Amino acid sequence: TALMHWDKGFASPFKADVCFFSQKEQTGLKWGTAQPITVRDPEFGAIRVRAFGSYSFRIEQVPAFAVKMMGSLERLTVAEIEPQLRAAIATA
């Protein structure tokens with residue numbers, strides 16, 4: 001194909017980016033509340049509660065993930081997205 005582009009200096013005028021998305025389930029990720037949360041109970045009054053656990057996720061809808069999470073980033077790793085997922089779980 002390089003010979004076909006001799007008139008363009010042997011460089012193709014058409015460029016393409018190829019993105020790979022792992023649809024493997026990411027397991028064993030931990031979450032927890034940074035500080036105890038105060039909950040009001042009618043019987044016990046104000047109670048300070050901490051919560052923690054583990055979660056897993058996988059990318060099901062690749063196009064939506066690419067637009068909403070990656071945007072114009074060149075790459076996105078589990079470690080980079082983990083704080084956002086933890087915050088969403090703790091808020092819920």
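This passage walks through the nonpolar core, the largest pocket, the salt bridges and a few individual residues of a predicted model.

Let's start with the inside. The largest nonpolar core is built from eight residues: Leu29, Trp31, Tyr55, Phe57, Ile59, Phe65, Met70 and Ile81. Three elements each put at least two residues into this core, namely strand 1 (26-32), strand 4 (52-57) and helix 1 (62-70). Ile81 is a handy member to look at up close. Setting aside residues up to four places away in sequence, Ile81 touches Phe57, Phe65, Met69 and Leu76. Of these partners, Phe57 and Phe65 are themselves listed in the core.

Next comes the empty space. Rolling a probe the size of a water molecule over the atoms shows where empty space is left. In this model, the largest pocket comes out at a volume of about 260 Å³. A set of 15 residues lines the pocket, and those nearest its centre are Phe21, Ser22, Ile59, Phe65 and Leu76. Ile59 and Phe65 turn up in the largest nonpolar core as well. Helix 1 and helix 2 each give at least two residues to the pocket lining. Sorted by character, the lining breaks down into 10 nonpolar residues, three polar ones and two charged ones.

Now for the charges. Side chains of opposite charge can pair when their charged atoms come close. The structure has two salt bridges. One of them links the side chains of Glu60 and Arg58, with an N to O distance of 3.6 Å. Glu60 counts as exposed because its relative accessibility is 60%, over the 50% mark. Its partner Arg58, at 43%, is partly exposed.

The other salt bridge joins Arg86 to Glu82, and here the closest N and O atoms are 3.3 Å apart. These two residues sit four places apart in helix 2, so about one helical turn separates them. How does accessibility compare with the cut-offs in this pair? Arg86 has a relative accessible area of 35% and is therefore partly exposed, while Glu82 is buried, with a value of 15%.

Glu82 deserves a bit more attention. Its home is helix 2, which covers residues 78-91. Glu82 counts as buried because 15% falls under the 20% limit. Beyond its neighbours within four places in sequence, Glu82 is in contact with Leu29, Lys30 and Tyr55. Two of these names should look familiar, since Leu29 and Tyr55 are part of the largest nonpolar core.

Finally, here are two residues from another stretch of the chain. Thr33 is found in the loop that runs between strand 1 and strand 2 (37-41). Is Thr33 buried or exposed? With a relative accessibility of 8%, Thr33 counts as buried. Apart from neighbours within four places in sequence, its contacts are Arg50 and Ala51.

Ile37 belongs to strand 2. At 40% relative accessibility, Ile37 counts as partly exposed. Again leaving out neighbours within four places in sequence, Ile37 is in contact with Ile47, Arg48 and Val49. Arg50 comes back into the picture here too: although Ile37 and Arg50 are 13 residues apart along the chain, their C-alpha atoms are separated by 6.3 Å.

Conventions
Residues are numbered from 1 along each chain as its sequence is written. This is a predicted model: local features need pLDDT of at least 70, side-chain atom pairs count only at pLDDT 80 or more; totals for chains, interfaces and linings use all residues. Side-chain values use heavy atoms; hydrogens and water are left out. Buried means under 20% relative accessible area, exposed over 50%, partly exposed in between (1.4 Å probe, protein chains only). Contact means heavy atoms within 4.5 Å. A nonpolar core is a set of buried Ala, Val, Leu, Ile, Met, Phe, Trp, Tyr and Cys residues joined through side-chain atoms within 4.5 Å. On a 1 Å grid over the protein atoms alone, a cavity is a set of points where a 1.4 Å probe fits but cannot get out, and a pocket is an open set with protein on both sides within 12 Å along at least five of seven lines; lining residues have an atom within 4 Å of a point. Grid points are joined across faces, edges and corners, and a volume is the space filled by probe spheres set on the points. Ala, Val, Leu, Ile, Met, Phe, Trp, Tyr, Cys and Pro count as nonpolar, Asp, Glu, Lys and Arg as charged, and the others, Gly among them, as polar. A salt bridge is a side-chain nitrogen of Lys or Arg within 4 Å of a carboxyl oxygen of Asp or Glu.
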